[in-house]
Amino acid sequence: MLKLALIVGSTRPNRFADIPAKWIVEGAKQRDDFALDVLDLRDHTLPLFNEPAPVGYTGGKYSEPAAEAWRHLIGQYDGFISTVAEYNHAPTAVLKNAFDSASFEWNRKPIGFVGYGGVGGARAIEHLRGIAVELQMAPIKQEVNIAMAEYLGVVQQGKRLDDYGHLVASRTAVFDNLVWWGRALKAARGIEVKAA
Ligand SMILES: Cc1cc2nc3c(=O)[nH]c(=O)nc-3n(C[C@H](O)[C@H](O)[C@H](O)COP(=O)(O)O)c2cc1C
């Protein structure tokens, strides 16, 4: 069974993130091809990255105990989904910091994104795709974009994300492709390779 983690990528009071996070968990409960844990960055308080040496020179070790705990936790998973808030056309600082607070543990694992905002978090997701590639991850093409109409529908009109068929379909596509890449990369990680 694949072990995936949902990273809740914003932490401010009254965050919208709780709505997509709950909806992702509900969707995951209908699946028997992966297990999903929630890693809420509110619960995993990480200091702002301040390491004296790049982790490439330390064998991936961090001097901060919280980052050490985080990277060991990340190392337990076969793939990830992240909620993506867009702050000034970019990912949240807390989410970028969470990526910086582990290194090799991200390698050769897939990640999918569930964004929201004016254009469904698309601009922030594009940043995250580049970050993920640098971490030797496989960012999957399929994504969920909760755009302005659906965002306001939920926040102001009492709608649920399940009321929007295209969002449910894109959630399924993200799950399906995370499983495909997760299985492929899990198998490949079992093969000794010398590539850096
Ligand atoms: C600092 C800040 C910057 C924002 N910048 C953008 C933006 O560039 N694009 C966008 O679509 N929404 C932007 N928003 C609106 C967010 O999409 C909206 O507040 C969303 O709920 C934020 O996610 P959160 O509630 O999980 O924190 C911004 C919000 C904040 C707080």
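A pocket is an open set of grid points with protein on both sides within 12 Å along at least five of seven lines, and its lining residues have an atom within 4 Å of a point. The structure analysed here is a predicted model. In this model, 15 residues line the largest pocket. Val55, Ala102, Ser103, Glu134 and Leu135 lie nearest its centre. The volume of the largest pocket is about 260 Å³. By class, its lining comprises nine nonpolar, three polar and three charged residues. Two helices, H3 (93–100) and H4 (122–134), each supply at least two residues of this lining. Helix H3 gives the most, with three residues.

The structure also holds one cavity of 30 Å³ or more. The largest cavity has a volume of about 50 Å³. Its lining is formed by Pro47, Leu48, Phe49, Asn50, Glu51, Tyr62, Glu64, Ala67 and Ser101. Five of these lining residues are nonpolar, two are polar and two are charged.

The ligand is surrounded by 15 residues. Ser10, Arg12, Tyr87, Tyr116 and Tyr151 are the closest. Short polar distances to the ligand involve both side-chain and backbone atoms of the protein. A polar side-chain atom of Tyr116 is 2.6 Å from a ligand oxygen atom. The backbone of Gly118 places a polar atom 2.8 Å from an oxygen atom of the ligand. On the nitrogen side, a polar backbone atom of Asn88 lies 2.8 Å from a ligand nitrogen atom.

Ser10 was examined further. This residue sits in the loop between strand E1 (2–8) and helix H1 (18–29). Ser10 has a relative accessible area of 2% and is therefore buried, the limit for that class being under 20%. Its side chain makes a polar contact of 3.4 Å with the side chain of Tyr116. Tyr116 is thus linked by polar distances to two partners: its side chain pairs with that of Ser10 at 3.4 Å, and a polar side-chain atom of Tyr116 lies 2.6 Å from a ligand oxygen. Beyond four places in sequence, Ser10 touches Arg15, Ala17, Ala85, Tyr87, Thr92, Val94 and Tyr116. Tyr87 and Tyr116, both in that list, are also among the residues closest to the ligand.Helix H3 supplies pocket lining and also carries buried residues. Leu95, Asn97, Ala98 and Phe99 are the buried residues of H3. The elements covering them include E1, helix H2 (65–74), strand E3 (79–85), strand E4 (110–116) and H4. Helix H2, one of these covering elements, contains Trp70. Trp70 has a relative accessibility of 2% and counts as buried. Its contacts beyond four places in sequence are Leu39, Leu41, His44, Leu46, Ala98, Ser101, Ala102 and Trp106. Among these contacts of Trp70 is Ala98, a buried residue of H3. Another is Ala102, one of the residues nearest the centre of the largest pocket. Ser101 is also touched by Trp70 and belongs to the lining of the largest cavity. Gly153 is 83 residues from Trp70 in sequence, and their C-alpha atoms are 35 Å apart.

Helix H4 contains His127. At 43% relative accessibility, His127 counts as partly exposed. Leaving aside neighbours within four places in sequence, His127 contacts His89, Ala90 and Pro91. His127 and Gly59 are 68 residues apart in sequence, with a C-alpha to C-alpha distance of 26 Å.

His89, a contact of His127, lies in the loop between E3 and H3. Its relative accessible area is 44%, which makes it partly exposed. The backbone of His89 has a positive phi, near 60 degrees, in a residue other than glycine. Gln136 also has a positive phi without being a glycine, at about 55 degrees. Gln136 is placed in the loop between H4 and strand E5 (138–146). With 31% relative accessibility, Gln136 counts as partly exposed.

Definitions and conventions
Residues are numbered from 1 along each chain as its sequence is written. This is a predicted model: local features need pLDDT of at least 70, side-chain atom pairs count only at pLDDT 80 or more; totals for chains, interfaces and linings use all residues. Side-chain values use heavy atoms; hydrogens and water are left out. Helices (H or I, at least four residues) and strands (E, at least two) are DSSP runs, numbered from the N terminus. Buried means under 20% relative accessible area, exposed over 50%, partly exposed in between (1.4 Å probe, protein chains only). A polar contact is a pair of N or O atoms within 3.5 Å; within protein, one must be able to donate a hydrogen and the other to accept it, and residues adjacent in sequence count only if both atoms are side-chain atoms. Contact means heavy atoms within 4.5 Å. On a 1 Å grid over the protein atoms alone, a cavity is a set of points where a 1.4 Å probe fits but cannot get out, and a pocket is an open set with protein on both sides within 12 Å along at least five of seven lines; lining residues have an atom within 4 Å of a point. Grid points are joined across faces, edges and corners, and a volume is the space filled by probe spheres set on the points. Ala, Val, Leu, Ile, Met, Phe, Trp, Tyr, Cys and Pro count as nonpolar, Asp, Glu, Lys and Arg as charged, and the others, Gly among them, as polar. A residue is near a molecule or strand if one of its heavy atoms lies within 4 Å of it.
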